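Me: Please display the sequence and the structure. Several questions on individual residues and elements will follow.

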Amino acid sequence: LANINWDNIAFLPIPTDFMYAAKSLEDGIFTKGQLQQFGPIHMSPCAGVLNYGQENALRMRMGAERMCMPAPTVEQFVDAVKQTVLANKRWIPPPGKGSLYIRPLLLGTGSVLGVAPASEYTFLIFVSPVGNYFKEGLAPLNLIIDTEIHRAIPGGTGGVKAIGNYSPVLKAQSIAKDKGYSDILYLDSVHKKYVEEVSSCNIFVVKHNIISTPTVSGTILPGITRKSIIEVARGQGFQVEERLISVEELLVADEVFCTGTAVVVSPVGSITYLEKRIKYGNGVGIVSQQLYSALTSLQMGLTEDKMGWTRLSVSS
Ligand code: PMP
């Protein structure tokens with residue numbers, strides 16, 4: 001920590017041209033004038049307002065420890081996020097039009113050539129307005145299980161939010177997308193039969209109204225949305241289990257959904273495994289729908305936040 005210059009926290013205003021170039025913005029919706037009207041901050045990314053700071057700071061600290069990096073304290077992290085959001089509040093989309101995505105990064109810099117921890121570190125937070133993930137209601141994901149490619153191996157860094165964890169899957173993911181699938185669902189690399197997660201989200205299965213999700217065991221990213229949904233679902237009276245889930249079990253589930261900062265709660269419409277396509281009802285299950293509504297209502301301040309997750313409210 002002694003090496004970190006905390007004055008180094010970068011506050012990046014987003015250049016106008018970048019804003020309009022961002023693919024996820026609804027075309028032409030955000031004129032400069034409209035952007036001056038901010039509603040309450042509702043960073044649907046849970047990296048954002050939900051547990052914002054606290055949980056993400058703890059996850060960054062855990063990851064940094066694994067990667068031999070110094071990390072901000074929870075207080076420093078939360079304060080930096082808050083300051084970055086406030087410094088960029090003109091980029092917060094109007095209510096209902098999207099969210100302000102927050103991405104805190106810890107970068108190793110400095111002049112080390114060998115395989116060794118970096119000599120300097122920079123803690124950077126960038127924010128960007130993003131459009132709604134679902135433009136017209138919930139759209140089901142169509143996943144394919146890849147039996148050859150694994151995202152993470154036991155003993156590796158799969159449980160860390162590290163950029164390198166995304167490189168093993170990019171090729172497989174792009175092939176899957178070219179074939180019309182939304183993404184890949186990964187199995188464990190040892191038994192090749194337990195469900196782990198999708199490239200950028202966690203997975204849940206519902207059977208007879210019991211919700212289950214794979215245990216976070218080092219090869220799965222401990223998603224903040226995952227954690228939030230477990231709490232929200234239990235609060236709504238659901239039984240939620242964290243355990244090993246075999247691929248066979250997944251294929252006979254009543255409902256499957258994914259959780260993540262970007263996808264929030266996304267229902268899974270179908271899963272293709274060994275060339276066979278399994279469809280789930282009409283694609284948007286009742287439980288997925290209910291949890292999506294519960295989480296987004298909390299994020300947008302439409303329901304009372306009994307958990308004390310929301311931190312900052314900025315109105316015009
Ligand atoms: N798994 C992976 C591999 C991810 O990249 C993400 C997105 N950060 C998630 C799960 C979901 O995590 P969170 O809910 O914290 O966004």
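**Questions on the model**

Me: Which residue in E9 is the bridge partner of Thr213?
Reply: Strands E8 (residues 210-214) and E9 run parallel and are joined by five bridges; two strands count as paired if DSSP finds at least two bridges between them. Helices (H or I, at least four residues) and strands (E, at least two) are DSSP runs numbered from the N terminus. For Thr213, the bridge partner in E9 is Glu242.

Me: How many residues of E9 are buried?
Reply: A residue is buried if 20 or more other C-beta atoms, placed from the backbone, lie within 10 Å of its own, exposed if 12 or fewer do, and partly exposed in between. E9 covers residues 239-243 and is hardly covered. Among its five residues the buried count is zero.

Me: How is the model to be read, and what average pLDDT does the protein chain have?
Reply: This is a predicted model, in which local features need pLDDT of at least 70 and side-chain atom pairs count only at pLDDT 80 or more, while totals for chains, interfaces and linings use all residues. Residues are numbered from 1 along each chain as its sequence is written. pLDDT is the predictor's confidence in each residue, from 0 to 100. In the protein chain 80% of the residues score at least 70, and the average is 79.

Me: Over which residues does pLDDT stay under 50?
Reply: For this stretch the model has 109 contacts beyond four places in sequence, a contact being two residues whose C-beta atoms, placed from the backbone, lie within 7 Å. The model itself scores ipTM 0.99 and pTM 0.85. The stretch with pLDDT under 50 is residues 1-51.

Me: Which element supplies the largest share of the shell around the ligand?
Reply: A residue is near the ligand if its C-beta atom, placed from the backbone, lies within 6 Å of it; of the 14 residues around the ligand, Leu221, Gly223, Thr225, Gly260 and Thr261 come nearest. Strand E7 (201-207), helix H6 (224-235) and strand E10 (255-260) each give at least two residues to the shell. The largest share, three residues, comes from H6.

Me: What distance separates the end C-alpha atoms of H6?
Reply: The expected span of a helix is 1.5 Å times one less than its number of residues, so the 12 residues of H6 should span 16 Å. Buried residues of H6 include Ile224, Thr225 and Arg226, and the helix is followed by Gly237, whose phi is positive, near 95°. The end C-alpha atoms agree with the expected span, being apart by 16 Å.

Me: Is Leu141 buried or exposed?
Reply: Leu141 lies in strand E4 (residues 141-146). Beyond four places in sequence, Leu141 touches Ser182, Asp183, Cys258, Ser266, Val268 and Gly269. Because 22 C-beta neighbours lie inside 10 Å, Leu141 counts as buried.

Me: How far apart are the C-alpha atoms of Gln54 and Trp309?
Reply: Gln54 is found in helix H3 (residues 54-66) and is partly exposed, with 17 other C-beta atoms within 10 Å. Leaving aside residues up to four places away in sequence, Gln54 touches Val74 and Val78. Gln54 and Trp309 are 255 residues apart along the chain, yet their C-alpha atoms are separated by 9.1 Å.
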